[in-house]
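Open the model in a viewer and keep the sequence panel beside it. The stops below say what to select and what is found there.

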Amino acid sequence: MKSKFTTAMLALFLGGLGIHRFYLGQNTMGIFYLLFCWTLIPALIACIDFFVFLFMSEDNFNYKYNLRTGF
């Protein structure tokens, strides 16, 4: 089961490399983050992702990312 707090912290500190996307199981998105990390665009997107995950409700996060784990 994925943690909302862990996802937000990964987006804040390692988001420019797409680590939070790999954590969520979105490997294709994570690879795109890695491929374009030299442009700093993924870092800007990860900053936005941080706030999205931070303010997302726990139920919404579980429905979107933990549906297969049977939360």
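**Stop 1: a helix position**

Select Ala43, which sits in helix α4. The model is a predicted one, and in it Ala43 is partly exposed, with a relative accessible area of 34%. Now add Ala11 to the selection: the two residues are 32 apart along the chain, and their C-alpha atoms are separated by 8.7 Å.

**Stop 2: the nonpolar core**

Keep Ala11 and extend the selection to Ala8, Leu24, Phe50, Phe53, Met56, Phe61 and Tyr65; together these 8 residues are the largest nonpolar core. Colour by helix, and the elements that give two or more residues to this core can be picked out: α1 (4-14), α4 (41-55) and α5 (58-65). In soluble globular proteins, nonpolar side chains tend to be buried together.

Which residues does Ala8 touch, once its neighbours within four places in sequence are set aside? They are Phe50 and Phe53.

**Stop 3: Thr7**

Move to Thr7, also a residue of helix α1. Is Thr7 buried or exposed? Its relative accessible area is 0%, so Thr7 counts as buried. Show its surroundings and ignore neighbours within four places in sequence: Thr7 is in contact with His20, Tyr23, Leu24, Phe53 and Phe61. Among these, Leu24, Phe53 and Phe61 belong to the core of the previous stop.

**Stop 4: the salt bridge**

How many salt bridges does the structure hold? There is 1. To see it, select Asp49 and Arg21 and display their side chains; the N to O distance is 3.0 Å. The partners come from distant parts of the chain, with Asp49 in helix α4 and Arg21 in helix α2 (residues 19-23), 28 residues apart. Asp49 is buried at a relative accessible area of 9%, and Arg21 is buried at 10%.

**Stop 5: the cysteines**

Select Cys37 and Cys47. A disulfide is a covalent bond between the sulfur atoms of two cysteines. The structure holds 0 disulfides. Cys37 is in none, and the nearest cysteine sulfur to its own, that of Cys47, is 17 Å away. Cys47 is likewise in no disulfide, its nearest cysteine sulfur being that of Cys37. A pair would need its sulfur atoms within 2.5 Å to count, so a separation of 17 Å rules this one out. As for exposure, Cys37 is partly exposed at 29% relative accessible area, and Cys47 is partly exposed at 38%.

**Stop 6: a nonpolar patch on the surface**

Switch to a surface display and select Leu12, Phe13, Leu14, Leu17 and Leu34. These residues form a nonpolar patch with about 470 Å² of accessible area together. Helix α1 gives the largest share of the patch, 3 residues. Phe13 is a residue of that helix, and at 63% relative accessibility Phe13 counts as exposed.

**Stop 7: a loop residue with positive phi**

Where does Leu40 lie? Select Leu40 and follow the backbone on both sides: Leu40 is in the loop between α3 (27-35) and α4. Read off the backbone torsions there; the phi of Leu40 is near 65°, a positive value in a residue other than glycine. Leu40 is exposed, with a relative accessible area of 57%.

Definitions and conventions
Residues numbered from 1 in each chain as written. Predicted model: local features only at pLDDT ≥ 70, side-chain atom pairs only at ≥ 80, totals over all residues. Heavy atoms only, no water. Core = buried A, V, L, I, M, F, W, Y, C linked by side-chain atoms within 4.5 Å. Buried < 20%, exposed > 50% of the residue type's maximum accessible area, 1.4 Å probe, protein only. Helix = DSSP H or I, 4+ residues; strand = E, 2+ residues; numbered from the N terminus. Contact = heavy atoms within 4.5 Å. Salt bridge = Lys/Arg side-chain N within 4 Å of Asp/Glu carboxyl O. Patch = residues over 30% accessible without salt bridge, like charges linked within 9 Å, V, L, I, M, F, W, Y side chains within 5 Å. Areas by Shrake-Rupley, 256 points an atom, 1.4 Å probe, with all protein chains shown as cover.
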